[in-house]
Amino acid sequence: ANSVGTSVGSKALSLKAAILAGSLFELAGGLLVGPLVSATLSHGIIDLSSFASTPNTLVKIMFCSILGSAVSTFGATFYGVPVSATKGVITSMVVLALLTNGPQSLNMQGLGYMGLTFLVSPCAGMLGAYLLNSILIHFIIKAPNPVATAVAYRPLLVGTTITVSMLSLTLSGPLAITPPMLALAASMVVGAATGLAWPMFEDSTQEYPKFPASIALEQVSSDPEKPTVDDTKSHRTTTTTTTTT
């Protein structure tokens, strides 16, 4: 829901397409980068040496953390509340480790890094969203024909998205490539190939609106007494009917 909610809300994807895409990429993400997350959860939060004499306690902590996170995620999803399953697992592990074995059972360095990512991640997301939104408004929304411009820029946007996604795999994922510049080059090649091949999967017979969508933006800030697009269409229809009569 967190990944495709905005796409469905903006009508960029239908609910059926969002479910299919979400299922496919969630599975791919679990297979490709899941081991990295599992390694962090197993070594970066709890100091395993503190449970050397009580391994069963560690197993119970892990099981209860996963079960609790699953239940809370299901409940939040049922009521339509955004939730992070990863943060649920981490907080559960921290609380249970503190209750069973005290502060010495925690990996404070690993928790420090995670806490930093919890602060940096939303800030980076907001900055990236602001920059992307500004670019889209400047180059597409304010274009003479925004719809046609968006269609023309679509391969570039798709290629850029694939390049960024591939970087997460080639820099530190299971497909890691060294040195980093080679990983960047490989990601760019895959992204460019995907962007160039994207038009092959589009319906060439699909028709798009010809009128400039920027008119809608002008109406928001223009004089409220100024006739809108719908008013103009209604006036034209009335005039045409009168003339025909």
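Helix axes here are lines fitted to C-alpha atoms over the stretch in contact, and the angle between two of them runs from 0 to 180 degrees between N-to-C directions. With that in hand, here are some close-ups of this predicted model.

**Figure 1. The whole chain is built from helices and loops, with 10 helices and 0 strands.** Walking from the N terminus, you will meet the elements in the order α-α-α-α-α-α-α-α-α-α. The chain has 245 residues, and 17% of them count as buried.

**Figure 2. Helix 4 crosses helix 5 at roughly 140 degrees.** In this view, residues 55-78 form helix 4 and residues 85-101 form helix 5. Their axes come within 8 Å of each other. The pair is called oblique, because an angle has to be over 145 degrees to count as roughly antiparallel. As for handedness, the crossing of helix 4 past helix 5 is right-handed.

**Figure 3. Five residues make a nonpolar patch on the surface.** Look for I135, F139, Y153, L156 and L157, which together give a patch of about 450 Å². Two elements each supply two or more of these residues: helix 6, spanning 108-141, and helix 7, spanning 146-170. Helix 7 gives the largest share, with 3 residues. I135 belongs to helix 6. Its relative accessibility is 45%, so I135 counts as partly exposed, the class between 20% and 50%.

**Figure 4. Y113 is an exposed residue of helix 6.** This tyrosine sits in the helix that also carries I135 of the previous view. The relative accessible area of Y113 is 51%, which means that Y113 is exposed, as the cut-off for that class is over 50%. Follow the backbone to G44 and you will have gone 69 residues in sequence, yet the C-alpha atoms of Y113 and G44 are 9.1 Å apart in space.

**Figure 5. I19 of helix 2 is shown together with V4.** Helix 2 covers residues 15-32, and I19 is found in it. With a relative accessibility of 49%, I19 counts as partly exposed. I19 and V4 are separated by 15 residues in sequence and by 8.4 Å in space, C-alpha to C-alpha.

**Figure 6. A cis peptide bond leads from T178 to P179.** The omega angle of this bond is near 0 degrees. It is a nice one to pause at, because most peptide bonds are trans. P179 is placed in the loop between helix 7 and helix 8, the latter made of residues 180-197.

Key: Residues numbered from 1 in each chain as written. Predicted model: local features only at pLDDT ≥ 70, side-chain atom pairs only at ≥ 80, totals over all residues. Heavy atoms only, no water. Patch = residues over 30% accessible without salt bridge, like charges linked within 9 Å, V, L, I, M, F, W, Y side chains within 5 Å. Areas by Shrake-Rupley, 256 points an atom, 1.4 Å probe, with all protein chains shown as cover. Salt bridge = Lys/Arg side-chain N within 4 Å of Asp/Glu carboxyl O. Helix = DSSP H or I, 4+ residues; strand = E, 2+ residues; numbered from the N terminus. Buried < 20%, exposed > 50% of the residue type's maximum accessible area, 1.4 Å probe, protein only. Parallel < 35°, antiparallel > 145°, perpendicular 65-115°, else oblique. Left-handed = near helix turned anticlockwise from the far one by under 90°.
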